[in-house]
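Hello,

Here is the structure I promised to pass along. Have a look at it first, and then read on for what turned up.

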Amino acid sequence: MTRSTGVVVIGGGQSGLAAGYHLRRSGIEHVILDAQTAPGGAWQHTWESLRLFSPAAYSSLPGRFMPAQDGQVYPDAAHAVSYLADYEKRYELPVQRGVRVSAVRRDGGHLRVETDSGDWRARAVISATGTWTRPFLPAVPGRRDFRGRQLHTVQYVSPAEFVGRRVIVVGGGNSGAQIAADLAHAGTDLTWVTQRPPRYLPDDIDGRALFDAATARRKALDAGSTDTGGVAHLGDIVAVPPVRAARDAGLLHAKPMFTRLTPTGAEWADGTTVEVDAVMWCTGFRPALAHLAALRLRGARGHIATVGTRAVDEPRLHLLGYGDWTGPASATLIGVGRPARDAAREIAGLLGS
Ligand code: FAD
């Protein structure tokens, strides 16, 4: 059976909900298809101690502030999940859960969205599938030879399973720093490696400043002015309280990246070695775009070329939330509202014409 609607939004995390909010405000008929059975997108799966890198009010989607979490400046992931669950209910967003989209294809004047529970015909599609389902591991010599456990950020839950173990954490971003701090506080035998020395943002700066910097960059580029460099010059790690505490207690010493893994550990260029039980790769993600393969839009670095959120080579397709290439800070709670609004406006124009 094929059903028809104006717009299919693929993904019911924060980006899909922000899209739904603006489509609803514009009176555009739509449906939001989400592979998961519960609300909250990727926030449902993060490690237990994760802290958002901005205070609650600065982690808000359009229309409704995230309420503060009792006793916390930086909310945890469970708080983000309840906020998103409340958000979709409050705005009566048409989310269908447990529906996985396998492909989007051109179908005359429409786009056909194929799912594991039937197809949809739509005049436009917003893809908002995030990155969590595509963890990235770098190609490091010896990775296949290492006989211990290897895991990525997406598999980390808590330090409990690493008590008494020797662990290498790889990565100098927020995930690497937070997980290293988590393990260090729990007394794990930790080796933290980063490609360059860790760059902490000043303690009084958090995700608010990152958002401002990303917005200033977009404005400068749009106005044809010099590239401000965006967030890159500010630092890589927001010193949220557990990270700050571990750093100040002298628990976080980063070593440079090793040159190879051995069957029992890692080896550096100067011949130094360390024996470990596990390697934790906090090495980022790639956009989850496999469902768009049939449209043949992917370019360099696996990205689809966009103008704002619109795919250059398929104007009925918008991409939301994957990174700065789909709008400044669009892969953050506070940053996705604006590109979502712009996408809804463009689609309103398309459907009206
Ligand atoms: P997701 O939350 O990943 O939602 C995508 C949804 O699409 C999921 O429900 C998924 O199941 C579904 N989906 C995927 N493929 C399909 C398919 N084929 N068919 C149907 N459904 C599909 N941002 C902040 O603002 N503040 C922070 O503090 C912060 N901390 C972060 C910490 C970590 C460790 C990470 C990884 C990211 C963090 N971010 C933060 C960035 C960002 O806010 C999150 O990654 C957020 O989850 C992105 O939301 P999203 O809706 O784009 O994607």
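**Helix α1 and its surroundings**

The buried residues of α1 pack against β1 (2-10), β2 (30-34), α2 (77-90), β3 (95-97), β6 (118-127) and α6 (337-352). Please keep in mind that this is a predicted model.

How many of the 12 residues of α1 are buried? The count is 10, so the helix is largely enclosed by the rest of the structure. The buried residues are Gln14, Ser15, Gly16, Leu17, Ala18, Ala19, Gly20, Tyr21, His22 and Leu23. With buried meaning under 20% relative accessible area, you can check each of them in your own viewer.

The length of α1 (residues 14-25) also works out. At 1.5 Å a residue, its 12 residues should span 16 Å, and the end C-alpha atoms are 17 Å apart, which agrees. Just after α1 comes Gly27, which takes a positive phi of about 70 degrees.

**The parallel sheet**

Next, a sheet further along the chain. It is open and has 5 strands in the order β7-β14-β8-β9-β10, with parallel pairing. At its edges are β7 (149-152) and β10 (254-256), each of which pairs on one side only. On average, neighbouring strands here are turned by 25 degrees against each other, direction ignored.

Inside this sheet, 4 bridges link β8 (residues 166-170) with β14 (residues 278-281) in the parallel sense. Opposite Met280 in β14 stands Val169.

Which strands does helix α3 touch where it packs on the sheet? They are β8, β9 (189-194) and β14. The direction of α3 (residues 174-185) makes about 165 degrees with that of β9.

**The antiparallel sheet**

There is also an open sheet of 3 strands, in the order β11-β12-β13, and its pairing is antiparallel. The edge strands are β11 (260-262) and β13 (273-275), each pairing on one side only. Neighbouring strands of this sheet are turned by 25 degrees against each other on average, again with direction ignored.

Strand β12 (residues 265-267) and β13 run antiparallel and are joined by 3 bridges. If you want one pair to look up, Gly265 has Glu275 in β13 as its bridge partner.

That is everything for this handover. Happy browsing, and do write back with any questions.

Best wishes

Conventions: Residues numbered from 1 in each chain as written. Predicted model: local features only at pLDDT ≥ 70, side-chain atom pairs only at ≥ 80, totals over all residues. Heavy atoms only, no water. Helix = DSSP H or I, 4+ residues; strand = E, 2+ residues; numbered from the N terminus. Expected span 1.5 Å × (residues − 1). Buried < 20%, exposed > 50% of the residue type's maximum accessible area, 1.4 Å probe, protein only. Contact = heavy atoms within 4.5 Å. Pairing = 2+ DSSP bridges. Axes fitted to C-alpha atoms, helices over the stretch in contact; angles between N-to-C directions.
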